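The following explanation is intended for a reader who meets this structure for the first time. Please keep the sequence and the model in view while reading.

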There are 2 protein chains.
Amino acid sequence: MLYNDPKNFRDDMLKGYVAAYPDYVTLVPGGVARATKMPEGKVAVINGGGSGHYPAFCGIVGDGFMDATVVGNVFTSPSTEDVLGVARAVDQGTGIYIVGGNYAGDKMNFNMARDRLRSEGIDCRSFYITDDVASAKPEEREKRRGNVGTFMVFKAAGAAAAAGLGLDELERVTAKANDRTRTVSVGFRGCTLPGEGEPLFHVPKGRMEVGQGIHGEPGVGEDDVRPAAEVAELLVDRVLAEAPDDDSKRIAVILDGLGSTKYEELFVVWGTVRELLEERGYTLVSPLVGEYVTSLDIEGIALAVEFLDDELEGYWLAPCDTASFRRGQGSMARGERRVYARAEEAAESFEAGSDASRGLAGQLVGAFDRVRDAIAAAEDELARIDGVAGDGDHGRGMVKGTEAAASAARRAYDLGAAAGSVLDEAGKAWAAKAGGTSGVLWGAALEAAGSVVGDHADSYDAGTAARAADAAARRMGELGGAHRGDKTMLDALIPFSEELGRQAAAGAGFRDAWSSAASVAREAAEATKDLVPKVGRARPAAERSLGTPDAGAVSMALCMRAALPEE
Amino acid sequence: MLYNDPKNFRDDMLKGYVAAYPDYVTLVPGGVARATKMPEGKVAVINGGGSGHYPAFCGIVGDGFMDATVVGNVFTSPSTEDVLGVARAVDQGTGIYIVGGNYAGDKMNFNMARDRLRSEGIDCRSFYITDDVASAKPEEREKRRGNVGTFMVFKAAGAAAAAGLGLDELERVTAKANDRTRTVSVGFRGCTLPGEGEPLFHVPKGRMEVGQGIHGEPGVGEDDVRPAAEVAELLVDRVLAEAPDDDSKRIAVILDGLGSTKYEELFVVWGTVRELLEERGYTLVSPLVGEYVTSLDIEGIALAVEFLDDELEGYWLAPCDTASFRRGQGSMARGERRVYARAEEAAESFEAGSDASRGLAGQLVGAFDRVRDAIAAAEDELARIDGVAGDGDHGRGMVKGTEAAASAARRAYDLGAAAGSVLDEAGKAWAAKAGGTSGVLWGAALEAAGSVVGDHADSYDAGTAARAADAAARRMGELGGAHRGDKTMLDALIPFSEELGRQAAAGAGFRDAWSSAASVAREAAEATKDLVPKVGRARPAAERSLGTPDAGAVSMALCMRAALPEE
């Protein structure tokens, strides 16, 4: 892979992207927005997700499609702050509609931003696309992932907004498009993240993963690689298997290359796909064959079908003009230019706290530094563990989160912040910079702990720590929707919090209590190897992770151990 | 890779391609042509080459760009017959202009077709693009390969023809565009041809090939992989190193992904490329960042620059509307449809020959069958040898050529053909189906041998065979421009022919003479391992092939051995 500092991949990429397409897009905090003015009264439609999928998602910003895209690092959810930055940039008082793929991290960040915007009086709605038929059974459609069909649902939402529909109608159209869109993919070879020495996952030579997700998530199982015509048939069979009852026999189709499967191969497959679809009585409406939603350089293809009705056909064919995709006699981005406001800055001063709280704040700064160093040393191992069942981004996310937290904690302390504010600032920075689910959860947990600790107490002891840990665990559980035993970082944090509480109740000092709790967390993290992630929340074929502990639980235990200074 | 029968990859691909873009392209014999009518009086501009480079070359057929593309199999020149098929389909009596990359096989087939068309009274010209600065020194520019800059030169030629220029003016514009276009690429990982088990070539992990060709040809040498910003600087330095004296400081730019290096990486590199070019005083005119000329799934990028003057800038910006690339308020291929004539069929009957010639013809049919089987058995080994310094397509080309020849020989014999006609038909079929340089040369050589053998002689002996072999070798030398010692198949054929002559002169019988000559050919082929290919004709860094015999010489010797039946 080509990159400079992998940590800055997103920012380097966006800089080059807007330099390549200045007529179409402008940088805004957290992503990109259309360079041309939105029509007055139009709802702003925003999509987003991790990068690594271009043209999705920042490539389809422009007239008739998306108004802005929130962009995370590679395969990593953007942060809540990113979503807020983009939303505030394009807000013109006419409502904001956020559409994303159904991924836990994206959903959480988008929803947190949505709720924040609503609390500020902005009418904001969100929707998550579930087109990947291989990721859950039909009766659990709401658990399915987003896949290449997101392109079709985004198109419907974008065209409907361009046609002047309000938020209620946009919700109806988007839900209908999602209900009528199906995607199935096959994968032949993995991809490598910027800065990583090894591929994120492997598909054995001569085999293919059927139903693979756009980050390489396992699908419904492996099969032998087959000739193109048989792969075509497999894809067609599966996307048509769930045709809606009121099937009009008119469909939008995308045959998509995921990265390393190139155009000529797609054309070979398309020859058969088209024949099969037509044999089965379908009329193909302006089908697309090419790269529309990629997955870095994964070798694989996906077939997405949208079962049209008159309304959806109109939106599918509606003109649009973006950097990567254009329909009709486009405006070539020649509309009037727009200048966006910048996002707000971080706090520049803090209220004075108690001496005890300032003293604790100093210790927290040291703790965040140690946590950052411990995570940096463990990054590769965390990535490896996470790669077994997840997308391998956990090590990277933790490095970014702990770096941001340590640096924000120090900055806040230098500006006079006491303990509660230091935790709060560290949490915000972690969530903003780490991206992904775990970043948001860590950020929210630290903020919750900060509320317990506060800036004004006269003393702190093991009991305070236990109450703070309990608040953090509860907040994580609420926000992430996970419970003990779901194979998440809660499986380390809850035992940690409980042991801290037991030790405090028994009268132990802070150091002994924390040390004992950290040992418990470590054992609990290791024990997650016998757990299976809750299907749907995590990913199908979750049984693959049996025998490997949860990366989030392992890193949680590492952080707790590192937080305590050596004697 | 996804494919059905690798031998039919081109045809399967084209079928799917025209099914995906029926508004833009139509199948014609040998390739695709624009689906819309050409303006009256317009010169027909044709490009072409092997497939595996989409959007190049069949993706840029349409209004304002190419009128048709001749399409070979993957990384393989189309045959002369293919070129003729396409040219005849689009000929409207206003001249035909063929533009290709400077590759020996393409050049030979295009020029043979050009000469045939001229002999029929059609004004046809040809031009070969030499933009790859890493493939030969500045003082040998005419030896350079075509690379990603071909896209720019094609654009200039296509736009100039659309503007109504005649052939003389088209030659001037195209030559100027070529003179002012430079490309440099870097490669990180090889690609795999359809049906092959192993990659065509390897770049060692952590290294990159600087100046790699679009089929993975070696460039100026390896270097350690560097951060994106340094790769950007390397590319910028090299393309600017040969700026023309009358540099207007306005440039067209393409930053091109070769297949597995994806869009986000290109944007990261583009951030630096754009800065560096602007720092050096250049204005970038509608630059392109994406995939324009790919090389299957090679991991790598290329930077192409066209130093503009007013005329070339006009052609660079001129509107066009093709399946893969559109500029301006395109017509969306809504012009009037055109129906193309089909190509002529193979001969359906043959003049009666002498009994001796008919007898020999029957033996030739058996010989072609044995040659076909021997080559099929040796395919992998030939591909491996050819992959050392070449593009690894020799095994595949020989399989296709010998299959076509054997089948055409049998068909001709069944229709009553005598020996000369059987050789002639076999040669035509070989050249038409094998593609590539060696296919054309084998085809022409067999036709030359057929002329010597004839249909009417009363007897045949070792002397006839020696004269036929001599004619074949001479024809190959004339057509390919190679000499003994250049490390080509002539290094097996010439010693074969000489030994046959010696044996015949000494009065040996056919079987002994041929057997001895085949042994000499085998030793001579093996001895080519000590030769270095003539640079420019073959490829730079040709010294890599030292220690490996020439694949063409090896297959030549194999064929000669197999032609003789076992006793």
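**How the two chains meet**

Chain A and chain B bury about 4500 Å² between them, and 56% of this lies on carbon and sulfur atoms; buried area is the accessible area (1.4 Å probe) that two parts lose on being put together, summed over both. In chain A, the residues that lose the most area to chain B are A:Leu2, A:Glu264 and A:Phe267, together 18% of what that side buries. The model is a predicted one, in which local features need pLDDT of at least 70 and side-chain atom pairs count only at pLDDT 80 or more, whereas totals for chains, interfaces and linings use all residues. Residues are numbered from 1 along each chain as its sequence is written, chains are lettered from A and ligands numbered from 1 in the order in which they are written, and side-chain values use heavy atoms, with hydrogens and water left out.

Counted by contact (heavy atoms within 4.5 Å), 56 residues of chain A touch 56 residues of chain B. Eight salt bridges are counted between the two chains, a salt bridge being a side-chain nitrogen of Lys or Arg within 4 Å of a carboxyl oxygen of Asp or Glu. One of them joins the side chains of B:Asp297 and A:Arg189, at 3.4 Å from N to O.

Several elements of chain A, taken as DSSP runs (helices H or I of at least four residues, strands E of at least two, numbered from the N terminus), give two or more residues to the side that touches chain B: helix 1 (9-20), strand 8 (181-189), helix 6 (228-240), helix 7 (263-279) and strand 14 (299-307). Helix 7 of chain A provides the largest share of that side, 10 residues.

On chain B, strand 14 (residues 299-307) holds B:Glu299. This residue counts as buried because its relative accessibility is 10%, where buried means under 20% relative accessible area, exposed over 50% and partly exposed in between (1.4 Å probe, protein chains only). Leaving aside neighbours within four places in sequence, B:Glu299 is in contact with residues that include A:Met1, A:Asp297, B:Arg189 and B:Ser260.

**How the copies are related**

A turn of 180 degrees with a shift of 0.0 Å along the axis lays chain A on chain B with an RMSD of 0.1 Å, superposed by least squares on the C-alpha atoms of residues with pLDDT of at least 70 in both. The two copies are therefore related as by a two-fold rotation axis. In chain A, the C-alpha of A:Ser260 is the one nearest the axis, 2.5 Å from it. The same surface serves both copies, since 100% of the contact residues of chain A recur in chain B.
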